[in-house]
Amino acid sequence: MPTLSKLSKAFLLPIALLPIAGVFLGVGAAISSNTDAGTFGFYFGSVLNKMGDVCFGNLPVLFCISVALAYTKDSGIAALTAVVGFLVMNGMQAALLHTQSVDPSTVWVQIDGNEWKKLIFDANKNINWEEMGIGLQQITKWVSASNLEEIQNNSAIVVNSNFELIDGAGSVYYSLLWIDKIPNGLITSNIGVQSLNTGVFAGIFVGAIAAKCYNKFHDTQLPSAISFFSGTKLVPIITFVAVIPLSFIFMFLWPYLGMGLAAFGKASGKLPVGLDSFIYEIAERSLVPFGLHHVFYAPLWWTNAGGSIAEAFTNVSAEDQAKFVNVWLQNHANLAGLIVGSTPEEQFASISKLIQTQYNDLWTAMGDQTIAYKVIANTEVLNFKDLDALGLNIGRFQSGKFGFMLFGLPMAGLAMWLNVPKENRKSVMGIYFSAAFTCFLTGITEPIEYTFLFLAPWLFYGVHMPLAAISFLITGALRTHVSMTVSGGFIDYIVFGIVPFFGSNAMSAKSVFGVLGVAAVMAPAYFFSFYFAVKYGKVMVPGRDGSADVKLASKADYKASKGQNLDGSKIKSSKDSNEEARMEKATKIIEFLGGEENIVDVDACASRLRLTVKDGSLVNKDSIIALGGATGALVKGTNIQIVYGGEQEAIKPRMIKILDEQRKAKQAK
């Protein structure tokens with residue numbers, strides 16, 4: 001639990017970057033696609049677009065760094081070491097990767113879709129076009145075969161003009177020294193190095209190795225002859241060597257694992273009526289109370305388990321190829337001149353080649369969220385409507401959140417407020433309204449979710465989780481394609497729904513307004529479910545038990561507003577008084593955790609203080625909550641999580657400082 005909690009916290013660092021990157025990406029794409037090339041607006045939009053796109057294109061290395069930081073208490077040395085390890089691992093793969101080529105003397109070409117001729121070469125091993133009596137523009141297909149009969153029997157191997165093996169969509173096959181035919185979608189550029197497309201997985205593993213090396217060797221003292229390399233200088237050296245076995249493991253296993261994940265992503269996408277989205281949300285929401293939901297959705301959002309563009313273009317039936325070509329030509333009429341071929345099959349291959357060669361970052365995109373961002377950044381050549389024609393339901397693991405974030409949970413908050421006695425409603429209205437508006441605007445749910453989770457867990461698992469899963473089921477069945485960062489609030493809806501729809505025509509009206517329709521359905525479902533559940537379940541929501549904190553302003557309050565104490569003397573600066581209060585609170589938390597000797601580790605994520613103790617039975621969570629600010633606490637063995645919603649970032653460094661002082665004082669005695 002502590003290990004997974006740290007991993008979940010590690011994911012939050014790059015995730016926190018996504019909202020602003022998403023704004024730049026979406027707004028930039030909208031501006032550039034609606035202005036003429038070469039104008040100020042075009043370049044301005046392109047700059048914004050690429051600023052956002054570069055963040056999403058380098059998620060693996062960002063995860064690598066954040067994992068290293070999470071397991072080393074934010075060590076910069078560990079972060080630098082993680083980047084070194086990531087470069088070394090990908091460099092090894094690049095050295096052993098190569099495209100598969102055939103003997104040029106075995107290559108035949110089809111002329112104008114009819115006659116076949118074998119290539120003739122001159123003394124310099126260049127194609128002798130004059131002797132063949134044809135031009136390059138007349139060739140419609142290249143194959144490798146021993147004779148014409150083999151071609152007529154469909155036994156020939158399809159190649160490109162560079163004599164490299166390609167698949168049905170025109171993608172070049174790669175291989176390692178010991179593995180043949182790695183699909184093109186599993187090869188990409190990782191910070192400039194052509195290597196295996198492992199999504200965020202390799203970055204996570206390298207970050208963990210860098211953290212392990214740092215924790216073990218950062219204070220190592222070497223013999224005097226080589227003492228220069230002691231301590232933190234030794235860490236990147238050890239990591240440099242330590243990632244070599246990991247690189248070989250990925251080279252041996254990832255092609256098969258990656259193809260397995262791609263097969264899973266393709267198969268799950270064929271489940272009927274949004275069932276894949278429904279199952280996803282049941283699992284994701286059930287992990288929220290433990291703070292492990294980030295770990296769960298990572299493979300589906302950022303690896304080919306959630307879909308792959310390159311994979312979607314392979315093994316496509318003739319009927320689906322024709323459907324895609326028809327939709328694509330309607331959506332991208334300005335690019336029709338770049339497409340060659342007279343049949344849908346030839347045009348499909350030409351379109352896939354255009355995307356692969358001119359938009360390789362888009363072609364190699366994998367994962368439900370990553371693909372969405374790449375499409376928004378490159379709507380001029382591919383959009384959600386095109387991918388829908390290929391059967392790729394982008395947004396199936398995202399769109400459902402809007403249903404209960406925009407209206408569902410806010411209406412649950414309203415239902416809880418209406419269960420408060422009328423005489424107390426006014427005094428607690430601000431609490432409920434603030435939580436509901438926060439959920440609607442940003443998608444931050446913890447003020448509402450954790451209220452009923454800790455008061456009555458059956459409300460979370462028996463009412464909220466099924467309704468949330470139904471929201472995903474409906475959006476999945478409707479094939480809505482609205483993406484998000486991590487929240488699904490109104491800001492995300494504007495950036496990833498409204499802007500792409502009106503700005504760059506990236507999706508259909510069914511997608512962008514279908515999400516609102518689902519939200520409208522979920523609003524009464526949440527309201528009536530929670531209203532009657534709270535009422536007849538006798539859940540004592542804040543204010544219902546008659547203990548609402550209602551008070552009028554006192555003289556002391558008035559004096560304080562003037563910066564004075566009751567006797568007229570000047571109040572100490574709020575900074576000093578606030579700091580004293582925070583230090584006192586941190587000291588009390590340490591005490592209620594069983595004291596300094598019982599605390600092993602102090603950490604924090606976006607909304608929780610995460611702690612590891614020696615003996616969980618010594619923790620007094622009720623007293624910690626009574627200090628104020630916390631909406632709940634979870635004790636799981638030696639792992640403690642206290643939900644604050646933001647204050648934890650102030651508590652964590654003060655606890656670390658106090659613990660350090662207490663331990664130094666203890667050693668001095």
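The accessible surface of the protein comes to about 29800 Å², and 62% of that area belongs to carbon and sulfur atoms. The model is a predicted one, and its C-alpha atoms fill a box of roughly 105 × 75 × 45 Å when the box is taken along the principal axes. Of the 669 residues in the protein, 50% are buried. The charged side chains number 51 positive and 51 negative, and the centres of these two sets lie 11 Å apart.

The secondary structure consists of 26 helices and 12 strands. If one takes the contacts between residues at least 6 apart in sequence, 70% of them join residues at least 24 apart. The strands can be followed along the chain, beginning with a sheet of four.

In this open sheet the 4 strands follow the order S3-S2-S4-S5, with antiparallel pairing. Its edges are formed by strand S3, residues 115-118, and strand S5, residues 157-159, each of which pairs on one side only. From one strand to the next the twist averages 35°. Strand S2, which covers residues 107-111, is joined to S3 by 4 bridges, and the two strands run antiparallel; within this pairing, Ile111 has Glu115 of S3 as its bridge partner.

Further along the chain, strand S7 (residues 187-190) and strand S8 (residues 193-196) run antiparallel and are likewise joined by bridges, 4 in number. Asn190 has Val193 of S8 as its bridge partner. The hairpin formed by S7 and S8 has 2 residues between the strands, and in this hairpin Ile191 takes a positive phi near 40°.

Another open sheet of 4 strands has the order S9-S10-S12-S11, again with antiparallel pairing. Strand S9 (599-604) and strand S11 (632-636) each have a single partner strand, so that one side of each is left without a neighbour in the sheet. Here the twist averages 15° from one strand to the next. The pairing of S9 with strand S10, residues 608-613, is antiparallel and rests on 5 bridges, and in it Val602 stands opposite Leu611 of S10. Helix H26, which spans residues 648-668, packs on this sheet and touches S9 and S10, its direction making about 155° with that of S9.

Strand S9 also contains Asp601, which invites a closer look at its surroundings. Is Asp601 buried or exposed? With a relative accessible area of 11%, Asp601 is buried, because that value falls under the 20% limit for a buried residue. Leaving aside residues up to four places away in sequence, Asp601 touches Lys6, Lys73, Arg610, Leu611 and Thr612; of these contacts, Arg610, Leu611 and Thr612 fall within the residue range 608-613 of strand S10.

A second residue worth following is Thr72, whose place is in the loop between helix H3 (59-70) and helix H4 (76-96). Thr72 has a relative accessibility of 6% and therefore counts as buried. Which residues does Thr72 touch, not counting residues up to four places away in sequence? They are Ala78, Ala211, Tyr214 and Asn215. Thr72 and Cys213, although 141 residues apart in sequence, are 9.9 Å apart in space from C-alpha to C-alpha.

Technical notes: Residues numbered from 1 in each chain as written. Predicted model: local features only at pLDDT ≥ 70, side-chain atom pairs only at ≥ 80, totals over all residues. Heavy atoms only, no water. Buried < 20%, exposed > 50% of the residue type's maximum accessible area, 1.4 Å probe, protein only. Contact = heavy atoms within 4.5 Å. Areas by Shrake-Rupley, 256 points an atom, 1.4 Å probe, with all protein chains shown as cover. Lys, Arg positive; Asp, Glu negative; His and termini not counted. Charge placed at Lys NZ, Arg CZ, Asp CG, Glu CD. Pairing = 2+ DSSP bridges. Axes fitted to C-alpha atoms, helices over the stretch in contact; angles between N-to-C directions.
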